Amino acid sequence: MEKNKNKIVVIGAGNVGETIANVLMVRELANEIVLCDINEKRARGCALDIAHGTAFFEQITVRQGGYEECADANIIIVSAGVGRKPGQTRLDLAKVNIGIATDVARNIKKYAEDPIVIVVSNPVDILTMTIQKETGYDPKKVIGTGTSLDTARLRYLIGKECGVSVKDIIAYVLGEHGDSQVSLWSRVRLGGVSLAGFVEQFNMNLDHEAISKEARDSGAEIIAEKGATYNGIAMAVSRIVEAIVKNENAVLAVSHLLANPKYGPWAGVAMSVPCIINENGIQKSVYINMDDDEKAAMDRSAQTIRDFWNSTQE
């Protein structure tokens, strides 16, 4: 079946999936958005609520549907999964969500031959590997949101501390979307100036460790305050979608299975590296020079993901 380049299916109509669909509608990144959820009533309600808002923007079709809608969709977004419960270990949560992701992947595979799949559910690196394994799709077309939001948080915090527009800050958080993520401080640029040069010029002092910690722990802080995070990740997803539908060749920090042995100790796991994204998905990944400590931290992050993946396969 020929793909409809203007159609996006969002699987999972919880807070995250609903917010993603609404942001895609507001940003006019699709002509047709379909919400798919095991709770069809919830999906219909979400779709209707969003559809009413199109009267203020564009007449985009937003509706509820089943997995058969994946057949001609250009992009499929997976946000299905459960949140961590009190007393539940990260491994226990992963096993539950791996089961859900496996079922989702098999249902997508029934209908869709060659879509771009964006994985949002957590633990995102592990679920990206799960969905790629179950579907057999090209790893460059199974894209995890990875550290895209962590990167946005780091840029926001640097901009806030330095008094610079976030638009003029180049910075990356790479590796695992989790505790072992790596903030590449050696590569930060503000308006074309290195961070070291900027802070020296304006006699500033930045606490790299504190800022990295805040970027890493912001999600947990938001969950503690309001119970869930969904606005930031919806914007991150919309940015990835924008790069695809507009064929931008944008460089974004996203996760995908690093299948090529050239990645060395990173090979064989899904983790975030800068990637050029266009209408084909990930066109290629970009290696950024790192200092020795950052490279060692990336190696440890890859091993953390590998060990966690292996523990879920037992």
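Two strands count as paired if DSSP finds at least two bridges between them, strands being DSSP E runs of at least two residues and helices H or I runs of at least four, both numbered from the N terminus. Before you click around: this is a predicted model, where local features need pLDDT of at least 70, side-chain atom pairs count only at pLDDT 80 or more, and totals for chains, interfaces and linings use all residues. Residues are numbered from 1 along each chain as its sequence is written, and side-chain values use heavy atoms, with hydrogens and water left out.

**Stop one: a small sheet.** Select 189–190, strand S10, which two bridges join to S11 in an antiparallel run. Put Leu190 on screen and you'll find Val193 of S11 opposite. Now add S7: the three strands make an open antiparallel sheet in the order S7-S10-S11. Its edges are S7 (169–170) and S11 (193–194), each pairing on one side only.

**Stop two: a hairpin.** Jump to S13 (residues 270–278) and S14 (residues 281–285), antiparallel and joined by four bridges. A hairpin of two residues links them. Across the pair, Ile277 faces Ile282 of S14.

**Stop three: the core.** Select Ile11, Ile77 and Ile108, which touch the most other members of the 87-residue largest nonpolar core. Such a core is a set of buried Ala, Val, Leu, Ile, Met, Phe, Trp, Tyr and Cys residues joined through side-chain atoms within 4.5 Å; buried means under 20% relative accessible area with a 1.4 Å probe, protein chains only. Centre on Ile77: beyond its neighbours within four places in sequence, its contacts (heavy atoms within 4.5 Å) include Ile8, Ile11, Leu24, Ile118, Val237 and Val241.

**Stop four: helix H8.** Select 231–245, the helix giving the most to that core, with eight residues. Its buried residues include Ile233, Val237, Ile240, Val241 and Glu242. Try the distance tool: the end C-alpha atoms are 21 Å apart, which agrees with the 21 Å that 15 residues should span at 1.5 Å a residue, because the expected span is 1.5 Å times one less than the number of residues. After H8 comes Asn247, with a positive phi near 50 degrees.

**Last stop: a cavity.** Select Arg90, Asp125, His177, Thr304 and Phe308, which are among the residues lining the largest cavity. On a 1 Å grid over the protein atoms alone, a cavity is a set of points where a 1.4 Å probe fits but cannot get out; lining residues have an atom within 4 Å of a point. Helices H4 (124–135) and H9 (292–312) each supply at least two lining residues.

Conventions:
Buried means under 20% relative accessible area, exposed over 50%, partly exposed in between (1.4 Å probe, protein chains only). On a 1 Å grid over the protein atoms alone, a cavity is a set of points where a 1.4 Å probe fits but cannot get out, and a pocket is an open set with protein on both sides within 12 Å along at least five of seven lines; lining residues have an atom within 4 Å of a point.
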